[in-house]
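Colleague: I should be grateful for a close look at the surroundings of the ligand in this model. Please set that site within the protein as a whole.

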Amino acid sequence: MDSKRVETIIIGAGITGSVISYYLNSPILDKAKMAGGRCSTGRMSSKYLYDKGATMYKNSFHYTINNKSNKFNLNNYLNNKFPNLKTKQIYDNMFVPENGMISLVSSFIKENNLISNIKIIKIIKENDYFLIMDDLNNSYYAEKCIITCPLPQSLEIIQDLPFYKEWEGFTQKYIDYKKTLVATGLWENLSFNLDQNQKISELNHKDNLEYFTIESQKFDDYQNLILSIQFSKEFSEKNFENWMDENKNLNKDKTEIVENFFSSIFSKYNLNYISPSQIRAHRWKYSNPIVSMFDKDNEINFDSVTYHDYIELCKKYNLYLTGDWVFGQRAPKCVLGAIQLSSIFLGKDLLSVEGSLP
Ligand SMILES: Cc1cc2nc3c(=O)[nH]c(=O)nc-3n(C[C@H](O)[C@H](O)[C@H](O)COP(=O)(O)OP(=O)(O)OC[C@H]3O[C@@H](n4cnc5c(N)ncnc54)[C@H](O)[C@@H]3O)c2cc1C
């Protein structure tokens, strides 16, 4: 970023920020060392892929704009834009990119746009510019600023702006987020081939196991087993603080609890339990907003009064706070929302071209 003064800066390189950066061709800052945010993918034993946050996506959903109902089909959109990004169907309308959810995000990042390892702590206004400061005392100037962090983090960054209260008031009902703990186990050389009809993700709201996925099968690995568990809100809240040690490994005193959950999954498939060779732990402090402007399961209505008011507030101060608390806590909804927001920004109707592909 030459002289660190640009027209538009984006903060947060999750799926929302990355799509916007793609259309605006603007720099994007992220505190992490890679793009991805809640669509991040890791490797167990430096080899085997597994998703740490979002594990798959629903391909299509409806939205309304200019009184017209449309269907957004993410795969058609991706195939058209990034023919090299291979995706595969897991079941029903659910898909995963072949190299994990992170590849969905990284497809949108253009060379030189991503500036990583930059944690923004404060934004103030200096004349017509936003002065954006990181935790290493570097600063960046931009005329317009788009912040895509989970809402509580975005509000924290802007609290010294003169119009902070207006944003705080508008976003009040979206401020509460759920915490989610995740544990992922690796069993090398353990084949675990399920019946084709059996879903590789299962819901189980009992016993604090909210959701589990067989990550290895998602990536067509039938020689090794990778299981990932997302825990319930209650369990996650209770165990959040001491879930991991200082090296970000699962705390030793949590191993037994986690293994009990793994063991219950083994018994579901009539397998004798053995301990995994590795366990990875993650914790999402802001896993997803409890209330979002558009619900994850319903259509997005870009004609709604609330959305209209939201856009007016963004335009009023050239400050755009956005992300899944607006569009709904699902990656494809963030993609569509980011395209629509980019349209407004550029004054171009991107949606009728990009959003209505057959
Ligand atoms: C456990 C879990 C499971 C999920 N499962 C699914 C699923 O199966 N399917 C699905 O579609 N969706 C799922 N979701 C929801 C989906 O992941 C999110 O809705 C979506 O990824 C949100 O993207 P975003 O870009 O809005 O935010 P984020 O991905 O959170 O991006 C925000 C970015 O801002 C950065 N950031 C934060 N603070 C700062 C700062 N101060 N300075 C600089 N950078 C900062 C972060 O590092 C991050 O990269 C899941 C989410 C979680 C947590």
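Modeller: The account below begins with the ligand site and then turns to the domains and the overall fold.

The model is a predicted one. Around the ligand there are 39 residues, and those that come nearest are G12, G14, G37, A54 and G323. Sorted by class, this shell consists of 18 nonpolar, 15 polar and six charged residues. Several elements of secondary structure contribute to the shell, each with at least two residues: the helices α1 (15-24), α4 (151-157) and α11 (331-346), together with the strands β14 (177-187) and β18 (278-289). Both domains take part as well, since domain 1 and domain 2 each provide at least three residues of the shell around the ligand.

The domains themselves deserve a description. Domain 1 is assembled from the segments 2-45, 54-175 and 292-354, whereas domain 2 is the single segment 178-288. Their C-alpha centres are 29 Å apart. Where the two domains meet, 14 residues of domain 1 and 13 residues of domain 2 make up the contact. On the side of domain 1 that touches domain 2, two or more residues come from each of β3 (41-44), β8 (87-91) and α4. That side of domain 1 comprises seven nonpolar, five polar and two charged residues. Helix α4 thus appears in both settings: at least two of its residues belong to the shell around the ligand, and two or more belong to the side of domain 1 that touches domain 2.

The wider fold may now be considered. The protein contains 12 helices and 20 strands. Its C-alpha trace spans about 65 × 45 × 35 Å along the principal axes. A compact globule of 358 residues would have a radius of gyration near 21 Å, and the protein has 21 Å, so the value agrees with that expectation. Of the 358 residues, 42% count as buried. Among contacts between residues at least 6 apart in sequence, 66% join residues at least 24 apart.

One helix permits a simple check of geometry. Helix α8 (residues 255-268) has 14 residues, which at 1.5 Å a residue should span 20 Å; the C-alpha atoms at its ends are 20 Å apart, so the helix agrees with the expected span. Just after α8, N270 adopts a positive phi of about 55°.

To return to the site in question, the shell around the ligand draws on domain 1 and domain 2, with G12, G14, G37, A54 and G323 nearest to the ligand.

Note on methods. Residues numbered from 1 in each chain as written. Predicted model: local features only at pLDDT ≥ 70, side-chain atom pairs only at ≥ 80, totals over all residues. Near = placed C-beta within 6 Å. Helix = DSSP H or I, 4+ residues; strand = E, 2+ residues; numbered from the N terminus. Nonpolar A, V, L, I, M, F, W, Y, C, P; charged D, E, K, R; others polar. Domains from an automatic or database assignment. Expected span 1.5 Å × (residues − 1). Rg over C-alpha atoms; globule rule 2.2 N^0.38 Å. Buried ≥ 20, exposed ≤ 12 C-beta atoms within 10 Å, placed from the backbone. Contact = placed C-beta atoms within 7 Å.
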